[in-house]
Amino acid sequence: MSREKETVYLIDGSSYIHRAYHAIRNLSNSSGFPTNAVLGFTKMILKLISDRKPEYFAVVFDSKGPTFRHGIYQDYKANRPPMPPDMAAQIPFIKAIVENLNIKSLEKEGYEADDIIGTLARIGEKNGFSVVMVTGDKDFRQLVSPDISMWDTMKDIVTDYAKLKDEYGFEPVRFIDVMGLSGDSVDNIPGVPGVGEKTAVALVSEFGSFEDVFDNLHRIKKEKLKENLNQFREQASLSRKLVTIDQHVPLDEDIEDLKIGKPNGEELARIFREMEFRGLWEQFASRQENSYDYRLCLSRDDLLSLASLIRRKGIVSVDTETTSEDPLRAELVGISFSLEEGKAWYLPFGHLYLGAPPQLSLEDTMD
């Protein structure tokens, strides 16, 4: 009896960031720093880990700057607006969270996340793994095979080889031909004017391939369609090159490098505290092996107990949490107290984010 194949999960990190950003709006910490994309992204990653318990796992990001496709077609993605500043500001925190979850993250100058995922999917399949590409991007349909599938976690839809074959009747790799004909308005890929995906699918289904469509123009009955295909053949060929995912990106990593490790709970707890994600902060602070004891001080009894401990100890380290680094503009939102290494209390009284716990008022705490 053959053993069940191990599974590699490849996350389209750039897509996850955009989806998280738009799914949660108007969320920030008490200092005004936006946190919506960080929270949404983290929740999605942790849910996947909890549900699937992956052993091999990578998050792949787009790199900054032009890719090889811009060298082929200068106007590639020219109609895309720049990333919103409040989204861009959150990306370093997202990457820090991935790093401290001990998940492999990859990006490579000159290539898109799609190309890195395509390359790792090919390598994984070649080495006997099942590969799950975690994305909602239809461009990835071209990579689907008996051992490579797509999973849109936002809609919980799995697209595998059998599903695509049954729905369209041709091999998934033929979606390169479909997109070459139809183009992609999101990425400013022209295709053939007047040819959408439905028409492109019908053409590929009838004639078999991109080349066969153009070799059989005389058999196409719709005159305008025939005329456009004939006139824009070179443009369609260019579009086909642009939509083709490169499966041979030069990478230093192989599948064994994608094994997920043990999270750095201390650093994650620090990040989640800064972001003011109370639940995540407590979750990772409580995981520490070194018996760290981090507590919230949320009631008058808690505060009186803490004051008593400080008096008995005779020494305390204090740190303030404020809305600004400028002392003339800063407002106090909380105070941290530590009496010994690995043991601390946080007294919040000015956190106003969604889901913030009931807190003592500043007036109640100052005496």
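How do the axes of α2 and α5 run relative to each other, roughly parallel or roughly antiparallel? The legends below take up this question first, and they describe a predicted model.

**View 1. Helix α2 packs against helix α5 in a right-handed crossing.** In this close-up of the predicted model, the axes of helix α2 (residues 36-52) and helix α5 (residues 91-100) come within 9 Å and cross at roughly 25°. Because angles under 35 degrees count as roughly parallel, α2 and α5 are described as roughly parallel to each other. On the α2 side the contact involves Ala-37, Val-38, Phe-41 and Thr-42, which meet Phe-93, Ile-94, Ile-97 and Val-98 in α5. Sorted by class, the residues of this contact comprise seven nonpolar and one polar, with no charged residues.

**View 2. Helix α5 also packs against helix α13, here in a left-handed crossing.** The axes of α5 and helix α13 (residues 265-275) lie 9 Å apart, and the two helices pack at an angle of about 155°. That angle makes α5 roughly antiparallel to α13, since the term applies to angles over 145 degrees. From α5, the residues in contact are Phe-93, Ala-96, Ile-97 and Asn-100, while α13 contributes Glu-267, Leu-268, Ile-271, Phe-272, Glu-274 and Met-275. By class, the residues of the contact of α5 with α13 divide into seven nonpolar, one polar and two charged. Phe-93 and Ile-97 of α5 take part in this contact, and Phe-93 and Ile-97 are also among the α5 residues that meet α2.

**View 3. Helices α13 and α14 meet in a left-handed crossing.** Between α13 and helix α14 (residues 278-285), the axes come within 8 Å and cross at roughly 160°, and α13 and α14 are therefore roughly antiparallel to each other. The contact joins Gly-265, Leu-268, Ala-269, Phe-272 and Arg-273 of α13 to Leu-280, Trp-281, Phe-284 and Ala-285 of α14. Its residues, grouped by class, are seven nonpolar, one polar and one charged. Leu-268 and Phe-272 of α13 belong to this contact, and Leu-268 and Phe-272 also appear in the contact that α13 makes with α5.

**View 4. The largest pocket encloses about 1,400 Å³ of space.** The lining of this pocket is made up of 42 residues, of which Ser-14, His-18, Asp-62, Lys-77 and Arg-80 are the closest to its centre. Several helices take part in the lining of the largest pocket, with α1 (13-23), α3 (68-72), α4 (85-88), α5 and α12 (233-243) each supplying at least two residues. Helix α1 gives the most to this lining, with six residues. Divided by class, the lining of the largest pocket holds 18 nonpolar, nine polar and 15 charged residues. Helix α5 thus appears in this view as a contributor to the pocket lining, having appeared above as a packing partner of α2 and of α13.

Definitions and conventions
Residues are numbered from 1 along each chain as its sequence is written. This is a predicted model: local features need pLDDT of at least 70, side-chain atom pairs count only at pLDDT 80 or more; totals for chains, interfaces and linings use all residues. Side-chain values use heavy atoms; hydrogens and water are left out. Axes are lines fitted to C-alpha atoms, for helices over the stretch in contact, and angles run from 0 to 180 degrees between N-to-C directions. Helices (H or I, at least four residues) and strands (E, at least two) are DSSP runs, numbered from the N terminus. Angles under 35 degrees count as roughly parallel, over 145 as roughly antiparallel, 65 to 115 as roughly perpendicular and the rest as oblique. A crossing is left-handed if the near helix is turned anticlockwise from the far one by less than a right angle, and right-handed if clockwise. Contact means heavy atoms within 4.5 Å. Ala, Val, Leu, Ile, Met, Phe, Trp, Tyr, Cys and Pro count as nonpolar, Asp, Glu, Lys and Arg as charged, and the others, Gly among them, as polar. On a 1 Å grid over the protein atoms alone, a cavity is a set of points where a 1.4 Å probe fits but cannot get out, and a pocket is an open set with protein on both sides within 12 Å along at least five of seven lines; lining residues have an atom within 4 Å of a point. Grid points are joined across faces, edges and corners, and a volume is the space filled by probe spheres set on the points.
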